[in-house]
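User: Please look closely at a single part of this model and at what surrounds it, after first setting out the overall fold. I would like one connected account, with the reasoning behind each classification made explicit.

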Amino acid sequence: MEILLQLVVSGIALGMIYAVIAFGYQLTFATSGTLNFGQGEALMLGALVGLSLVGTIHGGPYLGYWLMIPIVVAFGALQGVFVEWIAVRPAIRIKSEFGWIMSTIALAIIFKNVAENIWGKDVLPFPSPLSSEPFTVLGANVQPMQVAVIVGALAIMFAVEIFNRKSIYGKAVVATANDRDAAGLMGINTGMVITFSYALSSATAAFAGALIAPLTLTSATMGASLGLKAFAVAIIGGLTSGMGAIVGGIILGIAETATGFYLSTGYKEVPGLVLLLLVLAVKPSGLFGKAAIKKV
């Protein structure tokens, strides 16, 4: 039972990172109907930039971990703006249904290659800001950083939700998500809202990278796998549901850790993919998503 509880805690921590990235997918899909398939690379860049600021590479350290977080979030926001300007806005302007897909994938590959040239191809350890000594909960050993990841992931998603509900800029995002054309007629600059949603999406991914890095080895290749799994989480939970991202992330995280322990690490990706196929077959809109109704 202690081992199972430990696997559950590890799975929740991993799943919350998936949830944060999936939450970013939802932000851009809601306002523009597009997705940034380089979302995993935003996480990777956030982790590596954070490592440069607090680690021992490139002559560091320069900042403490907690002072590094706002800089990483700002960097992620700028990266998201760049992606929207270069890859998404031209596709929306010419009403291309698939141009943004190839453009965001191309930028993801470019970001990965740039990261490999700056930070190298080797995996790099990220210093933890908290003690590495685990504490015991019901017989299971829990690392303080795992708790920090869970709390931090929930906090950033909650903060974004509060921003969207309470601030005038957030209400513009919600209005654009509900009906972009009607929002435009009401005087809302929907183009700027889409840019802002991409900035917010990449900022949350960069934040997730800085959160998960102390628990994993950081490298230029870490983003592709996490981004793909987070996309599966977004589909499983529903691209229109924040709660779906959380539940889907927890399900996938626990399934991966349990499968890796009880069966083999070579099979840990299988449960998530099987669940994805089942959801697409039974409820394509996701567990918590709403089916879109189009008038013809």
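Analyst: The protein, which is a predicted model, contains 11 helices and four strands. Its radius of gyration is 19 Å, close to the 19 Å that the globule rule gives for 296 residues, so the protein is as compact as a globular protein of that length. The C-alpha trace spans about 55 × 50 × 35 Å along its principal axes. Of the 296 residues, 47% are buried, and, among contacts with a separation of 6 or more, 76% are made by residues that lie 24 or more positions apart. The exposed area of the protein is about 14600 Å², with carbon and sulfur atoms supplying 70% of it. As for charge, the mean position of the 15 positive charges and that of the 12 negative charges are 12 Å apart.

The part chosen for the close look is helix α6, which runs over residues 168–178 and has Gly170, Ala172, Val173 and Thr176 as its buried residues. These residues cover an arc of only 155° around the axis, and therefore they sit on the same side of α6. On the other side of the helix, Ile168 and Asn178 are exposed. The cover over the buried residues of α6 includes α1 (2–32) and α5 (144–166), together with α7 (180–185) and α8 (190–212).

Helix α3 offers a buried position to set beside this. Gly76 lies in that helix and counts as buried because its relative accessibility is 1%, where the cut-off is under 20%. Once its neighbours within four places in sequence are left aside, Gly76 is in contact with Ala199, Ser202, Ala203 and Ala206. The numbering of these four partners falls inside the range of α8 (190–212), one of the helices that cover the buried residues of α6. Gly76 can also be placed relative to Leu43, which is 33 residues away in sequence and 8.2 Å away in space, C-alpha to C-alpha.

The loop between α3 (65–93) and α4 (99–119) holds Lys95. This residue has a positive phi of about 55° although it is not a glycine. Lys95 is classed as exposed because its relative accessible area is 75%, and exposed means over 50%.

Beyond that loop, helix α4 holds two residues that fall into separate classes of accessibility. Val114 is located in α4 and is partly exposed, because its relative accessible area of 41% lies between the cut-offs of 20% and 50%. From Val114 to Gly55 there are 59 residues in sequence and, C-alpha to C-alpha, 19 Å in space. Glu116 also belongs to α4, but its relative accessible area is 17%, which is under 20%, so this residue is buried. Leaving aside the neighbours within four places in sequence, the residues in contact with Glu116 are Lys121, Ala220 and Thr221.

To return to the helix under examination, its two sides can be summarised together: Gly170, Ala172, Val173 and Thr176 are buried, whereas Ile168 and Asn178, on the other side of α6, are exposed.

Note on methods: Residues are numbered from 1 along each chain as its sequence is written. This is a predicted model: local features need pLDDT of at least 70, side-chain atom pairs count only at pLDDT 80 or more; totals for chains, interfaces and linings use all residues. Side-chain values use heavy atoms; hydrogens and water are left out. The radius of gyration is taken over C-alpha atoms; the globule rule is 2.2 Å times the number of residues to the power 0.38. Buried means under 20% relative accessible area, exposed over 50%, partly exposed in between (1.4 Å probe, protein chains only). Contact means heavy atoms within 4.5 Å. Accessible areas come from the Shrake-Rupley method with a 1.4 Å probe; for residues, only the protein chains shown count as cover. Lys and Arg count as positive and Asp and Glu as negative; His and the chain ends are not counted. The place of a charge is taken as NZ of Lys, CZ of Arg, CG of Asp or CD of Glu. The arc is that of the directions from the helix axis to the C-beta atoms.
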